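Biologist: I am new to this structure and would love a close look at one part of it. Could you walk me through it slowly?

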Amino acid sequence: MDQLAHGENSPAKILYRSIQNNRVHSAYLLTGSGDLPWMTALGFARALVCERSDGSVCDACNACHRSRATDADAGVAAAEIILDGKGKRGPTYRHIGDHPDLFWVERGPDDTRISILQARDLQNALRLGANEGGRSVAVIAGAEWMTNNAQNALLRLLEEPPPQTTLVLAASRASAIIATIRSRSVRVRFPADSDAGLRASDALESVAQIVDTLDHLGSQSVGDLLDFAEQYRGGRAVAAESVTELIDVSAQWLCEEVKELVAEGEEPATQALDAHHSLQQLRRDLISRNANPQMVAERLLLGLRDVVAAGAIRSARVA
Ligand SMILES: [Zn+2]
């Protein structure tokens with residue numbers, strides 16, 4: 001069950017669910033080390049244009065045939081076209097397979113960065129709209145290599161995204177991406193190689209459920225959260241123990257969110273720090289004042305939702 005619960009919340013599943021639920025955003029930022037964010041971005045881009053649009057790559061439809069790497073066994077984006085940031089020895093971007101609406105940008109082998117020319121060319125290509133009448137998707141792999149100018153050029157695209165266009169940035173770390181792009185992107189984090197914290201694969205199912213709820217606070221209605229808090233009704237001893245877990249996990253979650261902001265060079269907002277005090281107060285209410293566990297859960301979830309709504313922490317992994 002733990003495996004399953006974790007699998008359901010894996011970054012790839014979160015992305016594919018956004019297709020299934022028809023809630024695709026205009027920008028995603030996938031962060032994590034190694035090849036996984038790139039590979040996931042590639043699969044997501046292909047799934048976004050698959051004619052079945054059930055969140056996966058069917059590999060049977062016309063779009064899937066076109067988006068397949070020409071080198072069928074390579075399993076990665078067609079690598080035969082070498083990019084050049086100056087656009088001289090090669091193009092500044094290429095297509096995924098030969099799909100006209102899927103674009104791939106990365107740092108050219110002879111370049112130190114992803115250039116502003118690459119960002120501008122991509123922008124122009126995307127502004128033309130999709131050839132096949134569906135969605136246009138661009139992946140920027142190794143987005144941490146974009147120059148500041150390239151990022152600012154991209155920002156203009158994000159400020160007025162052409163309809164039916166999705167940009168997927170895959171970066172080793174979020175801190176390399178300017179804050180104005182980060183704030184416009186749905187964040188999808190891959191567990192780090194070590195210190196996965198609350199998102200460790202061996203986390204208890206109950207913990208994984210709480211983390212998932214907290215990660216999606218920004219898109220939950222008051223009703224959703226009250227429904228979630230329903231599970232803390234019933235016999236007080238058991239309910240109080242479960243709410244203690246909710247408080248513990250929430251405190252750790254808040255702490256990790258704030259730490260990440262600080263690591264990215266941002267000042268944590270006072271609301272985030274106040275929220276930490278509120279959690280301690282709820283814990284005291286529960287223990288010494290015999291507060292009703294379900295009401296404690298409600299106050300906790302609605303309080304954190306306000307903190308997220310105020311922009312004090314992002315918590316915008318996927319709607
Ligand atoms: Zn397909």
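Biologist: Please take me to the sheet and what lies around it. To begin with, which residue is the bridge partner of Ile140 in strand 5?

Modeller: Happy to help, and please keep in mind that this is a predicted model. The bridge partner of Ile140 is Leu169, in strand 5. That pair belongs to a wider connection: strand 4, residues 136–141, and strand 5 run parallel and are joined by six bridges. Packed on the sheet here is helix 5, residues 116–127, which touches strand 3, strand 4 and strand 5. The direction of helix 5 makes about 175° with that of strand 3.

Now step back to the sheet as a whole. It is an open sheet of six strands, in the order 2-3-4-5-1-6, and its pairing is mixed. Strand 2 (94–95) and strand 6 are the edge strands, each pairing on one side only. Helix 3 also belongs in this picture, lying across strand 1, strand 3 (102–105), strand 4 and strand 5. Relative to strand 4, helix 3 runs at about 175°.

Let us follow the sheet to its edge at strand 6. Strand 1 and strand 6 run parallel, with four bridges joining them. One place to find this pairing is Leu29, whose bridge partner in strand 6 is Arg187. The two faces of strand 6 are worth a look too: Val186 and Val188 form the covered face, while Arg187 and Arg189 form the uncovered one.

From strand 6 we can move to helix 2, residues 11–20. The buried residues of helix 2 are covered by elements that include strand 1 (27–31), helix 3 (36–49) and strand 6 (186–189). Those buried residues are Pro11, Ile14, Leu15, Tyr16 and Ser18. A general point helps when reading such a list: an α-helix has 3.6 residues a turn, so residues three or four places apart point the same way.

Leu15 makes a good close-up, and you will find this residue in helix 2. Leu15 counts as buried because there are 24 C-beta neighbours inside 10 Å, and the cut-off for being buried is 20 or more. Leaving aside residues up to four places away in sequence, Leu15 touches Thr40, Phe44 and Val188. Val188 is the residue we met on the covered face of strand 6. As for Phe44, 29 residues separate it from Leu15 along the chain, yet their C-alpha atoms are 6.9 Å apart. Just after helix 2 comes Asn22, with a positive phi near 55°.

Two loop residues round off the tour. Gln164 sits in the loop between helix 6 (148–159) and strand 5 (165–171). Although Gln164 is not a glycine, its phi is positive, at about 55°. Gln164 is partly exposed because 16 other C-beta atoms lie within 10 Å. Asp59, in the loop between helix 3 and helix 4 (62–67), likewise has a positive phi, near 65°. Asp59 is exposed, since it has 11 other C-beta atoms within 10 Å.

Finally, here is the setting for all of this. The chain has twelve helices and six strands, and buried residues make up 36% of its 319 residues. Among contacts between residues at least 6 apart in sequence, 73% join residues at least 24 apart.

Methods: Residues numbered from 1 in each chain as written. Predicted model: local features only at pLDDT ≥ 70, side-chain atom pairs only at ≥ 80, totals over all residues. Buried ≥ 20, exposed ≤ 12 C-beta atoms within 10 Å, placed from the backbone. Contact = placed C-beta atoms within 7 Å. Pairing = 2+ DSSP bridges. Axes fitted to C-alpha atoms, helices over the stretch in contact; angles between N-to-C directions.
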